[in-house]
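Visitor: Hi! Could you walk me through this one? I'm new to reading structures.
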2 protein chains.
Amino acid sequence: MRLSEGVEWAVHCCAILALLPPEATLPAARLAEYHGVPPAYLAKHLQALSRAGIVTAEPGAKGGYRLAKPATAVSVLDVVRAVDGAEPAFRCMEIRQRGPAALPTSEYRQACAVTKAMARAEAAWRDALRSETIADLVAVVGRETPPAAVTKAAAWFQEVLH
Amino acid sequence: MRLSEGVEWAVHCCAILALLPPEATLPAARLAEYHGVPPAYLAKHLQALSRAGIVTAEPGAKGGYRLAKPATAVSVLDVVRAVDGAEPAFRCMEIRQRGPAALPTSEYRQACAVTKAMARAEAAWRDALRSETIADLVAVVGRETPPAAVTKAAAWFQEVLH
DNA sequence: GTCCCTATACTCGGATAGCAAGTGTCCGAGTATAGGCGG
DNA sequence: CCGCCTATACTCGGACACTTGCTATCCGAGTATAGGGAC
């Protein structure tokens with residue numbers, strides 16, 4: 001089981017966008033440059049965030065991306081689902097309905113116990129991600145990041161910000 | 001994010017093996033036949049369960065697989081980790097250490113907030129799977145399965161059991 | 001009748017192809033900007 | 001000097017190759033069994 005690498009990029013990008021002044025935008029190319037990742041591929045994931053309504057895109061010169069909602073209203077789960085998709089990790093193939101001891105489909109009214117157990121676990125995972133917002137992450141980063149990094153980042157933003 | 005299909009097969013196989021009389025074994029080919037899945041591919045996953053110490057394999061004629069531990073001592077998490085691997089779904093690539101605002105590696109002592117949040121969510125997922133044992137699943141199945149299916153399965157086992 | 005030996009058939013185990021999804025990249029459509037021109 | 005128009009440059013958005021890892025398969029090594037033969 002492996003989560004798409006783009007999820008990490010997307011969450012970090014949301015955290016950066018949350019730090020921007022209101023109404024300011026940052027192009028995908030700058031976000032990619034800041035994180036040291038391929039610009040074209042990051043753009044693909046930012047498009048997914050845009051489709052999900054997490055960020056809004058300003059087209060044209062001096063355009064770029066901005067958070068569509070307050071950082072307190074964007075959970076990590078929102079970002080994960082936007083990039084990685086909403087399908088569950090465990091897909092029940094109903095193998096109990098196959099083989100020599102199978103019954104007609106109409107006999108299986110309850111979801112099988114395996115599926116239920118997996119669904120409970122995934123629900124716990126989603127709950128944990130839902131309870132954490134981008135604003136929470138930003139707060140933690142601001143508390144734990146060395147001041148040197150903050151000033152360095154702030155200086156860089158001054159140059160590229162739209 | 002997608003869990004290997006073999007996980008579903010492996011859990012179902014463990015549940016079947018838990019129903020067997022003590023010391024009885026069932027070959028991989030019969031387990032595959034019962035579930036209607038490719039025998040060779042299922043064998044691969046059963047090997048993983050064997051390596052993990054969840055089942056033991058009896059070689060030779062009249063051989064097969066048997067649970068290595070009581071069903072109450074095998075959690076669903078054990079099976080998932082045996083088949084799917086123990087690596088976390090989210091792998092932090094430390095992209096914060098890249099780009100124009102990066103600092104020397106020695107400055108990053110804390111794990112980044114994104115990684116921590118993801119780790120918490122995965123811990124919740126694992127906890128949920130760890131709290132469920134194969135014995136629990138068997139109990140639920142025995143309670144919810146129609147009697148017709150139980151007798152049909154029992155008859156089939158009588159024929160193929162070693 | 002009992003014991004031993006041998007050949008057999010069946011089991012698991014690891015090494016080997018095929019395919020799908022994620023990874024990475026590119027080019028085209030659209031828009032706000034900046035400069036030049038006319039009034 | 002001010003307003004308008006046009007050309008430009010930059011942005012996002014979706015469509016196109018490539019690579020890794022999951023899916024699927026096969027064949028070889030090893031062992032308990034079953035049968036036959038000798039005592």
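Visitor: How many salt bridges are there between chain B and chain A?

Guide: The count is four salt bridges between chain B and chain A. Keep in mind that this is a predicted model.

Visitor: Okay, which side chains meet in one of them, the one at 3.0 Å?

Guide: That one joins the side chains of A:E144 and B:K116, at 3.0 Å from N to O.

Visitor: And how many residue pairs are in polar contact across the interface of chain B and chain A?

Guide: There are 16 such pairs across that interface, counting residues at pLDDT 80 or more on both sides.

Visitor: Which elements give two or more residues to the side of chain B that touches chain A?

Guide: Six helices of chain B do: α1 (5–19), α2 (28–35), α4 (76–84), α5 (113–130), α6 (134–144) and α7 (147–160). The largest share comes from α5(B), with twelve residues.

Visitor: What classes do the residues on that side fall into?

Guide: The side of chain B that touches chain A has 37 nonpolar, 16 charged and five polar residues.

Visitor: Let's talk about the interface as a whole. How many residues of chain B are in contact with chain A?

Guide: In chain B, 58 residues make contact, and they meet 58 residues of chain A. Together the two chains bury about 5,100 Å² between them. Carbon and sulfur atoms carry 68% of that area.

Visitor: Which three residues supply more than any other three of what chain B buries against chain A?

Guide: Those are B:M1, B:E8 and B:I95, which supply 16% of the area that chain B buries there.

Visitor: New topic: what rotation superposes chain B on chain A?

Guide: A rotation of 180° does it, with 0.0 Å of shift along the axis and an RMSD of 0.0 Å. The two copies are therefore related as by a two-fold rotation axis. The same surface also serves both copies, since 100% of the contact residues of chain B recur in chain A.

Visitor: Nice. Which residue of chain B comes closest to the rotation axis?

Guide: B:W125 does, with its C-alpha at 2.5 Å from the axis.

Visitor: Now the DNA. Which residues come nearest to DNA strand D?

Guide: Of the 22 residues around DNA strand D, the nearest are A:R51, A:G60, A:Y65, B:S4 and B:Y41. Of the strand's atoms that come within 4 Å of the protein, sugar and phosphate account for 63%.

Visitor: What does A:R51 have 2.9 Å from a phosphate oxygen of strand D?

Guide: It is a polar atom of the A:R51 side chain. A:G60 uses a polar backbone atom instead, 2.9 Å from a sugar or linking oxygen of DNA strand D. From the other chain, B:E5 has a backbone N or O atom 3.3 Å from a phosphate oxygen of DNA strand D.

Visitor: Which elements give two or more residues to the surface near strand D?

Guide: From chain A they are α3 (39–51) and β2 (64–67), and from chain B they are α1 and α3 (39–51). α3(A) gives the most, with four residues. By class, the surface near DNA strand D divides into ten nonpolar, seven polar and five charged residues.

Visitor: And which residues come nearest to DNA strand C?

Guide: Strand C has 22 residues around it, and A:S4, B:Q47, B:R51, B:G60 and B:Y65 come nearest. Here sugar and phosphate make up 61% of the strand C atoms that come within 4 Å of the protein.

Visitor: What part of B:R51 lies 2.8 Å from a phosphate oxygen there?

Guide: An N or O atom in the side chain of B:R51. B:A28 places a backbone N or O atom 3.2 Å from a phosphate oxygen of DNA strand C. B:G60 has a backbone N or O atom 2.9 Å from a sugar or linking oxygen of DNA strand C.

Visitor: Last one: which element gives the largest share of the surface near strand C?

Guide: That is α3(B), with four residues. The classes on the surface near DNA strand C are ten nonpolar, seven polar and five charged residues.

Methods: Residues numbered from 1 in each chain as written. Chains lettered and ligands numbered in written order. Predicted model: local features only at pLDDT ≥ 70, side-chain atom pairs only at ≥ 80, totals over all residues. Heavy atoms only, no water. Least-squares fit on C-alpha atoms with pLDDT ≥ 70 in both. Contact = heavy atoms within 4.5 Å. Buried area = accessible area lost by both parts, 1.4 Å probe. Polar contact = N/O pair within 3.5 Å; in protein donor to acceptor, adjacent residues only side chain to side chain. Nonpolar A, V, L, I, M, F, W, Y, C, P; charged D, E, K, R; others polar. Near = heavy atom within 4 Å.
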